[in-house]
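Hello,

Here is the structure I promised to pass on to you. My notes on it follow just below.

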Amino acid sequence: MSYDVERIRADFPILKEKVRGKRLAYLDNAATTQKPRAVIEAITRYYETSNANVHRAVHELAERATTQYEGARDRIAKFFNAQREEVVFTRGSTEAINLVAYSFLRPRLKEGDEILLTGMEHHSNIVPWQLIAAQCGAKVIAAPVLEDGSLDFDGWRARLNERTRFVAVVHVSNTLGTINPVTEIIAEAKQRDIPVLVDGAQAVAHLKVDFAALGADFYTLSAHKLYGPTGFGCLMGKRARLDAMPPWHGGGDMIRTVSFEGSTWAEPPYRFEAGTPDMAGAIGLAAALDYVEGIGLGAIAVHEHSLLLEATHALQDIPGLQLIGTAEGKGGILSFVIQGANAQDVGSLLDQQGVAVRTGHHCTMPLMARFGISATIRASLACYNSQEDVMQLHSALIKSTRLLRM
Ligand code: PMP
């Protein structure tokens, strides 16, 4: 069956919006994806028919809410081939990484220990480690990035040593599109018994992730980059790891018993889910996974790859344009700079022509420093992008560069 992008576009109501009076070419998918009607309706249906607080009541609506909320956990676990006890609900990747930093690593971290990252991490996979490292006298080490935006794997390996207590790595770079060799990284770390966290925020909408097969100790994701709602995500953690972790946030739902003499904790995943959860978030993510599965991640990846090739080719005739990140096999992200043009100015001119891209450091300031730049213009692809979007980007760039050179 051929990929019917127009049919897919019709599933996303927002894509019909005019912006600045122009057809919308939404190319800011690495920041957040748009939501298909199926996700919007699942969330609305939940509020219209089933809303109540989960877990702690006997009435019918609470039962419906709990069934749907826990059903969403089953759905998410199945999609990623994890056990349901391994799926902890969080507000997104950022919170998931912080949870691991504070609950797993901080109690284990000693003076002189090292946390090994890469030079292309998002700030949310740098700063939490810096915060706990500073508290414990440990060090954050970053493996170098090569000129094409791929990881210097030998450089990474050379930094793995007897002081390395933890490895964290981004699966797909949000700035470069680079897909990191996570299987090899996990294998190397495992040989030395070093736990690994993979930041999957940019991967899960584009690559099939099998948590059991991958073998990472922790894997994080954000629903909003996967056609789901904002403010919701998951930490997937190996059962033995989660079992050994103390609570992080305290409150309702994460306890077994509470007394002033001392409290005891619920089993994972509930141990890490204090307070009333985001029921609609979980249900929305489950609906998003159904939607993605309906198209097929493999088909989406093929489509995005062919658009990436087209866009890469089209950008070649923009005067002064230089791509940042050209690693082999990279995902659907085009980051670039244009000689003599300020990224922000280009972004604003593109916006005037209906093209939504992101400009700036993309929360990867160390990576910007590595390339000696302060910002890029970034176009990022999703399942609903079409050749028309790529052509609109191309003609808008031609016009913008002309205007800026006047
Ligand atoms: N990691 C990467 C690679 C990202 O792109 C992002 C979001 N830009 C995050 C982590 C953080 O995700 P969130 O803001 O949804 O927590």
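**The ligand and its pocket**

The ligand occupies the largest pocket. A pocket here is an open set of points on a 1 Å grid over the protein atoms alone, where a 1.4 Å probe fits, with protein on both sides within 12 Å along at least five of seven lines; a molecule sits in a pocket if more than half of its atoms lie within 2 Å of its grid points.

Please keep in mind that this is a predicted model, in which local features need pLDDT of at least 70 and side-chain atom pairs count only at pLDDT 80 or more, while totals for chains, interfaces and linings use all residues. Residues are numbered from 1 along each chain as its sequence is written, and side-chain values use heavy atoms, without hydrogens and water.

Around the ligand there are 13 residues (a heavy atom within 4 Å), with Thr 94, Asp 199, Gln 202, Ser 222 and Lys 225 the closest.

Some polar contacts (N or O pairs within 3.5 Å):
- The side chain of Ser 222 places a polar atom 2.7 Å from a ligand oxygen.
- The side chain of Lys 225 has an N or O atom 2.8 Å from a ligand nitrogen.
- Ser 93 uses a polar backbone atom, 3.4 Å from a ligand oxygen.

On its own the ligand has 400 Å² of accessible area (Shrake-Rupley method, 1.4 Å probe), and the protein covers 85% of that.

Happy to talk it over whenever suits you.

Best wishes

Conventions. Polar contact = N/O pair within 3.5 Å; in protein donor to acceptor, adjacent residues only side chain to side chain. 1 Å grid on protein atoms, 1.4 Å probe; cavity = no way out; pocket = protein on both sides within 12 Å on 5 of 7 lines; lining within 4 Å.
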